[in-house]
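Here's a quick briefing to read alongside the coordinates. Keep the viewer open and follow the groups below one by one.

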Amino acid sequence: MATVFFASAVDGVGTQNAPKHLHFYMHDGYTSPKPTSVLVVNGTGQPLKGSGRGARFGDTVVMDDHLTEGPTLASRVVGRAQGFSVTASQGDPAMILAMNH
């Protein structure tokens with residue numbers, strides 16, 4: 001799965017510098033031989049409807065994903081996205097995400 005991140009930066013010195021828009025793709029792998037995301041806490045209850053992967057309330061995943069210039073894993077790696085996510089709803093899928101990149 002590739003996720004697109006957008007970032008903007010504005011140089012406040014002078015008026016000649018236009019805003020910069022950076023685009024990164026995060027590659028989150030659960031099932032590869034070397035996964036970059038790992039379920040570390042199994043949640044409780046029935047899988048949440050519409051969660052796609054059968055997520056349960058309380059599931060906690062730790063990640064160390066590549067950030068690339070393009071949408072494929074063959075694209076140049078420009079950084080890493082490291083952090084965790086927690087399924088935070090007992091009804092509709094909802095997630096808390098904390099990440100450094």
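**The short version**

Reading along the sequence, you get the pattern β-β-β-β-β-β. That makes six strands and zero helices in the protein. Bear in mind that this is a predicted model. The topics to go through are the overall numbers, the strand pairing, the salt bridges, a nonpolar patch and a few residues from β5 and the loop between β3 and β4.

**Overall numbers**

- The protein has 101 residues, and 26% of them count as buried.
- About 7000 Å² of the protein is exposed, with carbon and sulfur atoms supplying 58% of that area.
- Take the contacts with a separation of 6 or more: 39% of them are between residues 24 or more positions apart.

**How the strands pair**

- Strand β4 is a good place to start, and it covers residues 60-68.
- β4 pairs with β5 through nine bridges, and the two run antiparallel.
- Within that pairing, His66 stands opposite Arg80 in β5.
- β3 is joined to β4 as well, by four bridges and again antiparallel.
- If you want a landmark there, look at Val38, whose bridge partner in β4 is Val62.
- Strand β2 (residues 20-27) also pairs with β4 in the antiparallel sense, over three bridges.
- For that one, the landmark is His27, whose bridge partner in β4 is His66.
- So His66 turns up twice: as the bridge partner of His27, and opposite Arg80 in β5.

**Salt bridges**

- Side chains of opposite charge can pair when their charged atoms come close.
- How many salt bridges are there with a nitrogen-to-oxygen cut-off of 4 Å? The count comes to two.
- One of them brings together the side chains of Arg80 and Asp64, at 2.8 Å from N to O.
- Arg80 sits in strand β5 (residues 77-87) and Asp64 in strand β4, so this pair ties together parts that are 16 residues apart in sequence.
- Arg80 has 33% relative accessibility and so counts as partly exposed.
- Asp64, with a relative accessible area of 30%, is partly exposed too.
- Arg76 and Glu69 also meet in a salt bridge through their side chains, at 2.8 Å from N to O.
- Is Arg76 buried or exposed? Arg76 is exposed, because its relative accessible area is 54%, and the cut-off for that class is over 50%.
- Its partner Glu69 comes in at 44% relative accessibility and therefore counts as partly exposed.

**A nonpolar patch on the surface**

- Val38, Val40, Val41, Val62 and Phe84 make a nonpolar surface patch of about 380 Å².
- Which strand gives the largest share of the patch? That's strand β3 (residues 37-41), with three residues.
- Val41 is found in β3, and at 38% relative accessibility it counts as partly exposed.
- Two other patch members, Val38 and Val62, are the bridge partners from the β3 and β4 pairing.

**Thr87 and its contacts**

- Thr87 is found in strand β5.
- Its relative accessible area is 9%, so Thr87 is buried; the cut-off for that is under 20%.
- Leaving out residues up to four places away in sequence, Thr87 touches Leu48, Arg53, Ala55, Arg56, Phe57, Gly58, Asp59 and Ala94.

**The loop between β3 and β4**

- Arg53, one of the residues that Thr87 touches, lies in the loop between β3 and β4.
- Arg53 is partly exposed, with a relative accessible area of 41%.
- Which residues is Arg53 in contact with, neighbours within four places in sequence aside? They are Tyr30, Asp59, Val61 and Thr87.
- Asp59 appears in both contact lists, touching Thr87 and Arg53.
- Lys49 is found in this loop as well.
- At 74% relative accessibility, Lys49 counts as exposed.
- Where does Asp92 come in relative to Lys49? The C-alpha atoms of the two are separated by 6.6 Å, although Lys49 and Asp92 are 43 residues apart along the chain.

Conventions: Residues numbered from 1 in each chain as written. Predicted model: local features only at pLDDT ≥ 70, side-chain atom pairs only at ≥ 80, totals over all residues. Heavy atoms only, no water. Patch = residues over 30% accessible without salt bridge, like charges linked within 9 Å, V, L, I, M, F, W, Y side chains within 5 Å. Areas by Shrake-Rupley, 256 points an atom, 1.4 Å probe, with all protein chains shown as cover. Buried < 20%, exposed > 50% of the residue type's maximum accessible area, 1.4 Å probe, protein only. Contact = heavy atoms within 4.5 Å. Pairing = 2+ DSSP bridges.
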